[in-house]
Amino acid sequence: MKAEEKKILYTFFRTASECLSGFKTGEEYPDFRDDSIDDSVSVNPESGSPAIADTFLSDTDRPDALKNPLPDSESGFESLEKVYAQIASCKACRLCERRHNTVAGEGPREFSNAEGKIDVMVIGEGPGADEDAQGRPFVGKAGQLLDKMLAAIELYRTHNCYITNVVKCRPPNNRDPLPDETAACRNYLNAQIALIRPKAILVVGRVALQNLLETQEGIGKMHGKFFEYQKIPLMATYHPSALLRDVNLKRPAWEDLKLFRARLNELLEKN
């Protein structure tokens, strides 16, 4: 494939992604080069058909996510340590370029409480500036409020709660993560859920909700209702940063948390 053809394809998909997300990256375009005839098409040995990625991209042009596909959570991640190690070296999307630290997640084991039984996983959108600097989730003002919200229903990251995000690196200027960025981290999140096996999942904010449930509905309509993700009860509530901006959201968020605690109690009684 000619370099100009590659540039046209790249421009098309990048423009589509920016239109869907409403955000323009402003990043420089990569350098494209012509493929030789022998390299222009490769064949999938299992199907005998051309491999799409190999058809469009040479090895130097191919994104790391295609050259090094993320391992399957069933076979590639036997422990959280392996998940953390993979996240720490991940270059599967553009977010790796500006990060200071990856932010994998945090729970009882990070506080030398390996015996802590994790009942709930809390999932947010992505790291902010404080999280990027410290390599820990929800440690800024929103994180401090989140800790208070959780403590109000007897959940603590030091004992029975695990906190993580949809993406593990900070999006520039705290913008919403783009679809390919959330897709690059999805195996990590699924592996964390499979390894931790929480009784329930609490999602905070619109972005995490829409990504996990694959919906375009807003948090205003979806909060306080129960759904399922990987056969685990899931509820969404407002992101603590939204509560810091609008104190009128604190009352509905508190009602959500009480409903969540009641459902969690029912689940714990069954075990």
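The following legends describe close-up views of a predicted model.

**View 1. Stacked rings of phenylalanine 226 and phenylalanine 260.** The structure contains two aromatic pairs. In the pair shown, the ring centres of phenylalanine 226 and phenylalanine 260 lie 6.5 Å apart and the planes meet at 10°; because planes under 30 degrees apart count as stacked, the pair is classed as stacked. Distant parts of the chain are linked by this contact: phenylalanine 226 belongs to strand 4 (residues 226-229) and phenylalanine 260 to helix 11 (residues 250-269), 34 residues apart.

**View 2. Surroundings of phenylalanine 226 and phenylalanine 260.** Phenylalanine 226 is partly exposed, its relative accessible area being 29%. Phenylalanine 260 has a relative accessibility of 1% and therefore counts as buried. Arginine 263 places its charged end over the ring of phenylalanine 226, at 4.8 Å from the ring centre.

**View 3. The open sheet of five strands.** The strand order is 2-1-3-5-4, with mixed pairing. Strand 2 (161-165) and strand 4 occupy the edges; each has a single partner strand, so one side of each lacks a neighbour in the sheet. On average, neighbouring strands of this sheet are turned by 30° against each other, direction ignored.

**View 4. Pairing of strand 3 with strand 5.** Strand 3 (residues 200-204) and strand 5 (residues 232-237) run parallel and are joined by four bridges. Opposite valine 204 stands threonine 237 of strand 5.

**View 5. Helix 6 packed on the sheet.** Helix 6 (residues 141-151) touches strand 1 (120-124), strand 2 and strand 3. The direction of helix 6 makes about 145° with that of strand 2.

Terms used: Residues are numbered from 1 along each chain as its sequence is written. This is a predicted model: local features need pLDDT of at least 70, side-chain atom pairs count only at pLDDT 80 or more; totals for chains, interfaces and linings use all residues. Side-chain values use heavy atoms; hydrogens and water are left out. Rings of Phe, Tyr and Trp (its six-membered ring) pair if their centres lie within 6.5 Å; planes under 30 degrees apart count as stacked, over 60 as edge-to-face and the rest as tilted. Helices (H or I, at least four residues) and strands (E, at least two) are DSSP runs, numbered from the N terminus. Buried means under 20% relative accessible area, exposed over 50%, partly exposed in between (1.4 Å probe, protein chains only). A charge sits over a ring if NZ of Lys or CZ of Arg is within 6 Å of the ring centre and within 35 degrees of the ring normal. Two strands pair if DSSP finds at least two bridges between them. Axes are lines fitted to C-alpha atoms, for helices over the stretch in contact, and angles run from 0 to 180 degrees between N-to-C directions. Contact means heavy atoms within 4.5 Å.
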